[in-house]
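Colleague: Could you take me closely through one part of this model, the open sheet and the aromatic pairs around it, and set out the reasoning as you go?

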Amino acid sequence: MLVPNNSVTDTASGFPNSKIGIVAFSTLISQLSLSELDSNRIMNFIDSLHQGQFTALYDGMLFGIGMLANPNLDIEGKAIVTFTDGTDNYSIVPSDSVTAQLKRYNIKSYTIGLRGKGNLDETMLRDLSVSGAYEFANSPKGLQNIFNKFSNSVSDVYNITYTRNRQAITTDRKIRFEISTKKKE
């Protein structure tokens, strides 16, 4: 999950003002708490994961929601991005508990499914995409395009182009741009 934060700028990732937390779910649930973006720490966590026999998708999502619902967490634009290649077959809580908590804490949910060889419950992933979106990929290569699309939805991205006229410039000229934004309602 990727969540904007107003106090930190991470220039290396290209996502200014962001924090990230990871919840891995299979038979067991493990977490990397919300923190500043640190690619080494994130990669070490991911490399340490082992696939279990079962999938506790709903329990994992509730764990992530709990990280974002922390009242001491001062961030805007909370979002959770869930990747899965199958259906839930191990959670204690039902899917409607997940959707209720997403709505309660105003957290956008984006779900990405990988069809692969296993089962994929498209209806379930659509239902879990509260105030967000869902998509499915047929191969791991297709996941990158979907993730890029969703990451642009989670963060505000602006492209600004300045085109000057063709008049010759004979002396140095300073140009200053001021950009101001209003908080989204």
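Modeller: A residue counts as buried under 20% relative accessible area, as exposed over 50%, and as partly exposed in between. By that rule phenylalanine 147, with a relative accessible area of 30%, is partly exposed, and phenylalanine 83, at 40% relative accessibility, is also partly exposed. Please keep in mind throughout that this is a predicted model.

These two residues form an aromatic pair that is tilted, with 5.9 Å from centre to centre and 35° between the planes. Because phenylalanine 83 lies in strand 4 and phenylalanine 147 in helix 5 (residues 140–154), the pair ties together parts that are 64 residues apart in sequence.

Strand 4 in turn belongs to an open sheet of three strands, which has the order 4-5-6 and parallel pairing. Strand 4 (79–84) and strand 6 (133–137) stand at the edges with a single partner strand each, so one side of each has no neighbour in the sheet. On average, and with direction ignored, neighbouring strands here are turned by 15° against each other. Strand 5 (residues 108–114) is joined to strand 6 by five bridges, and threonine 111 has tyrosine 134 as its bridge partner in strand 6. Helix 2 (residues 57–68) lies across strand 4 and strand 5, running at about 160° to strand 4.

Just ahead of strand 6, glycine 132 lies in the loop that follows helix 4 (122–127). Leaving aside residues up to four places away in sequence, glycine 132 touches Ser109 and Tyr110, while its C-alpha atom is separated by 5.2 Å from that of lysine 108, 24 residues apart along the chain. At 33% relative accessibility, glycine 132 counts as partly exposed.

As for the aromatic residues, the count comes to four aromatic pairs. In one of them, the rings of phenylalanine 54 and tyrosine 90 have their centres 4.8 Å apart and their planes at 5°, so this pair is stacked. The pair links distant parts of the chain, since phenylalanine 54 sits in the loop between helix 1 (39–47) and helix 2, whereas tyrosine 90 sits in the loop between strand 4 and helix 3 (95–104), 36 residues apart. Phenylalanine 54 is partly exposed, with a relative accessible area of 29%, and tyrosine 90 is partly exposed at 39%.

Conventions: Residues numbered from 1 in each chain as written. Predicted model: local features only at pLDDT ≥ 70, side-chain atom pairs only at ≥ 80, totals over all residues. Heavy atoms only, no water. Pairing = 2+ DSSP bridges. Helix = DSSP H or I, 4+ residues; strand = E, 2+ residues; numbered from the N terminus. Axes fitted to C-alpha atoms, helices over the stretch in contact; angles between N-to-C directions. Contact = heavy atoms within 4.5 Å. Buried < 20%, exposed > 50% of the residue type's maximum accessible area, 1.4 Å probe, protein only. Phe/Tyr/Trp six-rings, centres within 6.5 Å; stacked < 30°, edge-to-face > 60°.
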